[in-house]
Amino acid sequence: MKSALTLLPFFTLVPLSATAADVTVCISVSATGPAASLGIPEQKTVPFLPTKVGDTGIRYVVYDDATDPTAATRNARKCVDSDKADVIIGSSSAPTSASAATVAAEAQTPIVALAPVNVPENVEKWTFRSVQKNEQMAGALVEHMKKTGVKKLGFLGFADAYGEDWLKTVTTLLKGSGIEITSVERFARSDTSVTGQVLKLYSAKPDAILIGASGTPSALPVASLAERGYKGTIYQTHGSATRDYIRVGGKAVEGSILPVGPVVVAEQLPDDHPSKAIGVEYTKKYETENGKGSVSAFGGMMYDAGQLVAAAIPGALKKGVPGTQEFRTALRDGLENQKNVVSVNGVYNTSPIDHFGHDQRSRVLITVTNGEFRYLPMK
């Protein structure tokens, strides 16, 4: 279904002088369902995306996939068949992004995913991301574990592609580190209790526990661990970096550590960080409309996706007219060759072998202190 900023049936944003030559950007986010805490800030960021590049207008059509891969597939088909999209942005979770990316590749339409999804090679050709690789984010956590003397690590993650990829990534990074994963448990995004899994983790007595989850469901294991008096370090993924994580988790999430994009703590960054100025600017715009403290990395990912598409448009216009396959292919080529595109979650340099484009400047560590996210320097 289509969705508006106020969750009405749909909305379309068009430049003031829309013409047939405008670039059509079709967006599918999870504005409802388990990943809504990701999708809502992404959706609310759309009004801040570029509406013109030079003399060319950009038109946005936005859908809600309700965190349902089947709905994401349906939305993507609407994007290519009905909306004649030049590029797709979405979706909010790995499963929904994978579904949308499959359709986009079949239609030879580029897509910028908002989740760190892994896809087959034929789909990868058309798939880009405005989110960091799990390897980059997990690497920051492993560095912190080493420096703080963690020896035994427990893992509790989603029983889906997101959780499994985090487990695989961390397991690889821990080889030769002296840190052992002592227990592995899984839970579904829709679960309302993880008591059994937490009891098994707790009995293994790990020094730290990594929650391989995202959105508000990631607060559930932390609350359950707190109830049992667990005193070790709680690590989360960047998928939990929302105010809703703190709201739902309350005091239980105090002290938890997360790797995030710079925009989450833009004003706290060192002045020489390349994303500070644009991050502060975006934060002010977003919070003016949505309230103090409402900005999140996920809205930032949508903002970055808009910047990436805008940066690729001038080159694509030299090869074709919006609405044609020539333009879509040229836009794909442009997205694959981005050079030093600075945005709120890092600096992008893509290539045929890297459709993420991030480097170490795209990640920082934060911790929850007195109900707020605080910058945690990686010294």
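## Helix α10 and its surroundings

In this predicted model, the buried residues of helix α10 are covered by elements that include α1 (36–45), α11 and β13 (341–343). The residues of α10 that are buried are K276, I278, G279, V280, Y282, T283, Y286 and E287, a list that holds K276 and E287 alongside I278 and V280.

The length of α10 can be checked against its residue count: at 1.5 Å a residue, the 15 residues from 276 to 290 should span 21 Å, and the end C-alpha atoms are 20 Å apart, which agrees. After α10 comes G291, with a positive phi near 105 degrees.

## Packing of α11 against α12

Helix α11, one of the elements covering α10, comprises residues 297–317 and packs with helix α12, residues 325–335, at an angle of about 125 degrees, the two axes being 8 Å apart. Because of that angle, α11 is oblique to α12, and the crossing of the two helices is right-handed.

On the α11 side the contact is formed by L308, V309, A312, I313, A316 and L317, which meet F327, A330, L331, G334 and L335 of α12. By residue class, this contact of α11 with α12 divides into 10 nonpolar residues, one polar residue and no charged residue.

## Helix α8

In helix α8, which runs from residue 219 to residue 227, the buried residues are A219, P221, V222, S224 and L225. Their cover includes the strands β8 (152–158), β9 (180–187), β10 (208–212) and β11 (233–236), together with the helices α7 (195–203) and α9 (243–249). Following α8 is G229, whose phi is positive, near 80 degrees.

## A208 in strand β10

Strand β10, which is among the elements covering α8, contains A208. With a relative accessibility of 0%, A208 counts as buried. Leaving aside residues up to four places away in sequence, A208 touches V150, K152, L153, G154, Y230, T233 and Y235. A208 and F155 are separated by 53 residues in sequence, while their C-alpha atoms are 8.8 Å apart in space.

## S91 in the β5–α3 loop

S91 is placed in the loop between strand β5 (87–90) and helix α3 (94–106), and at 0% relative accessibility S91 counts as buried. Apart from residues up to four places away in sequence, the contacts of S91 are with S28, V29, S30, D65, T96, S97, L114 and A115. Among these partners, T96 and S97 carry numbers that fall within the range of α3.

Key. Residues numbered from 1 in each chain as written. Predicted model: local features only at pLDDT ≥ 70, side-chain atom pairs only at ≥ 80, totals over all residues. Heavy atoms only, no water. Axes fitted to C-alpha atoms, helices over the stretch in contact; angles between N-to-C directions. Helix = DSSP H or I, 4+ residues; strand = E, 2+ residues; numbered from the N terminus. Parallel < 35°, antiparallel > 145°, perpendicular 65-115°, else oblique. Left-handed = near helix turned anticlockwise from the far one by under 90°. Contact = heavy atoms within 4.5 Å. Nonpolar A, V, L, I, M, F, W, Y, C, P; charged D, E, K, R; others polar. Expected span 1.5 Å × (residues − 1). Buried < 20%, exposed > 50% of the residue type's maximum accessible area, 1.4 Å probe, protein only.
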